Protein chains: 2
Amino acid sequence: MSNSKVSLPVIRRLPRYFRYITELKASGKTRVSSSQLAIFMGSTPSQVRQDFNCFGGFGQQGIGYSVDLLYDEIEHLLFPNNHIDAVLIGAGSLGATIANFVLTETEGVNLKAIFDNNPNIIGKNMSNIKIFDVNTLVNYCKENKPDLIIICIPKSGAEELAPIIVETGVKGLWNFSHYDFSVYDKSLIVENVHLRDSLMALSYRINHVEEE
Amino acid sequence: MSNSKVSLPVIRRLPRYFRYITELKASGKTRVSSSQLAIFMGSTPSQVRQDFNCFGGFGQQGIGYSVDLLYDEIEHLLFPNNHIDAVLIGAGSLGATIANFVLTETEGVNLKAIFDNNPNIIGKNMSNIKIFDVNTLVNYCKENKPDLIIICIPKSGAEELAPIIVETGVKGLWNFSHYDFSVYDKSLIVENVHLRDSLMALSYRINHVEEE
């Protein structure tokens with residue numbers, strides 16, 4: 001069922017489908033049509049069917065999709081091993097913010113270790129997770145094989161760290177820095193989150209409201 | 001110079017331009033070509049010129065753009081009043097996470113007040129910002145006219161709150177809930193941030209790496 005050639009926009013829509021289907025399941029609905037899904041997604045029934053066809057179609061269209069089947073299939077696509085292990089680099093304020101988010105707001109993601117280069121905090125805890133010396137990152141990853149690394153350091157530090165990240169063998173990066181890791185190594189799988197950019201775009205839009 | 005009909009994708013690229021130009025300025029560069037900007041943006045020189053033409057062009061192309069002029073113009077587009085005032089709704093763990101982010105990682109955004117409906121925390125502080133009763137939100141906003149509201153409550157609460165949000169008269173929402181406010185009122189200016197979706201998309205990609 002897993003198709004490695006699914007396009008990024010389709011992959012990025014999967015969590016939104018999953019959210020909606022989770023709600024439908026919780027409300028006791030058993031079937032949902034591509035039209036209903038399209039309204040939620042702000043797309044078209046044909047787009048929904050095209051998206052689902054990337055993953056084998058998820059069952060018959062004529063009578064609507066089974067909510068339980070959709071839930072199970074998409075959950076399995078998103079978390080095939082039930083959970084993923086993560087480590088975080090950068091125990092500063094952004095790192096604390098994101099560690100807190102992962103620990104309190106995500107299921108299926110286990111934050112196992114935090115790394116930093118500041119000798120004053122190495123060995124201490126942040127959100128009850130131990131802070132290790134970033135020099136031990138490669139060994140840690142080779143031994144514990146986390147699924148992803150969360151990057152919470154400034155751009156310059158991220159750029160310096162890129163060869164070390166590659167050496168860890170970890171393929172997935174949740175990147176809050178402004179360094180573009182794919183420039184360094186195209187085989188890295190990177191999701192960039194630029195919270196500040198989102199806030200700046202909002203500021204622009206607030207300040208340039210179209211007069212109606 | 002402000003053009004109210006600039007498309008959302010162009011607006012969303014502005015902060016990235018601004019980041020790069022900030023770096024160029026810090027490194028002492030005085031001119032930059034559309035080709036250099038295109039490399040950073042992963043686009044084309046023609047796309048860069050098209051984007052800039054939405055805002056009046058930012059000066060001559062033949063000899064490159066002036067870094068100082070680009071910086072000033074784009075900063076003024078993003079923050080025409082130098083700063084924006086924000087309030088946050090939801091003093092739970094996500095709210096604490098985002099309040100911490102705004103206080104430590106953003107410039108130009110002042111977090112002025114936090115609102116919640118939990119009587120046990122109303123009147124207390126979070127990150128040194130006072131927590132008010134959400135029932136006082138409308139009055140607070142009419143009096144203090146914040147530029148944006150940061151939504152850090154679950155979807156059901158956000159849906160319930162939508163009429164109150166509209167009543168505040170605040171147009172800009174930085175929305176971390178999964179409720180789609182534009183369904184309630186199309187005139188609201190909403191930037192949605194779905195951190196969990198980003199993490200799920202990454203989980204999918206890690207687990208379905210294309211074999212090369």
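**Figure 1. The contact between chain B and chain A in this predicted model brings together 60 residues from chain B and 60 residues from chain A.** About 5800 Å² is buried between the two chains, and carbon and sulfur atoms give 66% of that area. On the chain B side, look for B:Leu199, B:Tyr204 and B:Arg205, which lose the most area to chain A and together make up 12% of what that side buries.

**Figure 2. Six salt bridges are counted between chain B and chain A.** One pairing to zoom in on joins the side chains of B:Glu23 and A:Lys155, with N to O at 2.7 Å. Polar contacts link 23 residue pairs across the two chains, counting those with both residues at pLDDT 80 or more.

**Figure 3. Helices and strands of chain B share the side that touches chain A.** At least two residues each come from α1 (8–26), α4 (67–78), α5 (93–105), β8 (172–175), β9 (189–192) and α9 (195–207). Here α9(B) gives the most, with 13 residues. Sorted by class, this side of chain B has 31 nonpolar, 16 polar and 13 charged residues.

**Figure 4. The second largest pocket holds about 1100 Å³ of space.** Its lining has 44 residues, and those closest to the centre are A:Pro154, A:Lys155, A:His178, A:Arg196 and B:Glu105. Both chains take part: α5 (93–105), β4 (109–116), α7 (155–168) and α9 (195–207) of chain A, along with α1, α4 and α5 of chain B, each supply at least two lining residues. The largest share, six residues, belongs to α7(A). By class, you will find 20 nonpolar, 15 polar and nine charged residues in the lining.

Conventions. Residues numbered from 1 in each chain as written. Chains lettered and ligands numbered in written order. Predicted model: local features only at pLDDT ≥ 70, side-chain atom pairs only at ≥ 80, totals over all residues. Heavy atoms only, no water. Contact = heavy atoms within 4.5 Å. Buried area = accessible area lost by both parts, 1.4 Å probe. Salt bridge = Lys/Arg side-chain N within 4 Å of Asp/Glu carboxyl O. Polar contact = N/O pair within 3.5 Å; in protein donor to acceptor, adjacent residues only side chain to side chain. Helix = DSSP H or I, 4+ residues; strand = E, 2+ residues; numbered from the N terminus. Nonpolar A, V, L, I, M, F, W, Y, C, P; charged D, E, K, R; others polar. 1 Å grid on protein atoms, 1.4 Å probe; cavity = no way out; pocket = protein on both sides within 12 Å on 5 of 7 lines; lining within 4 Å. Points joined across faces, edges and corners; volume = space filled by probe spheres on them.
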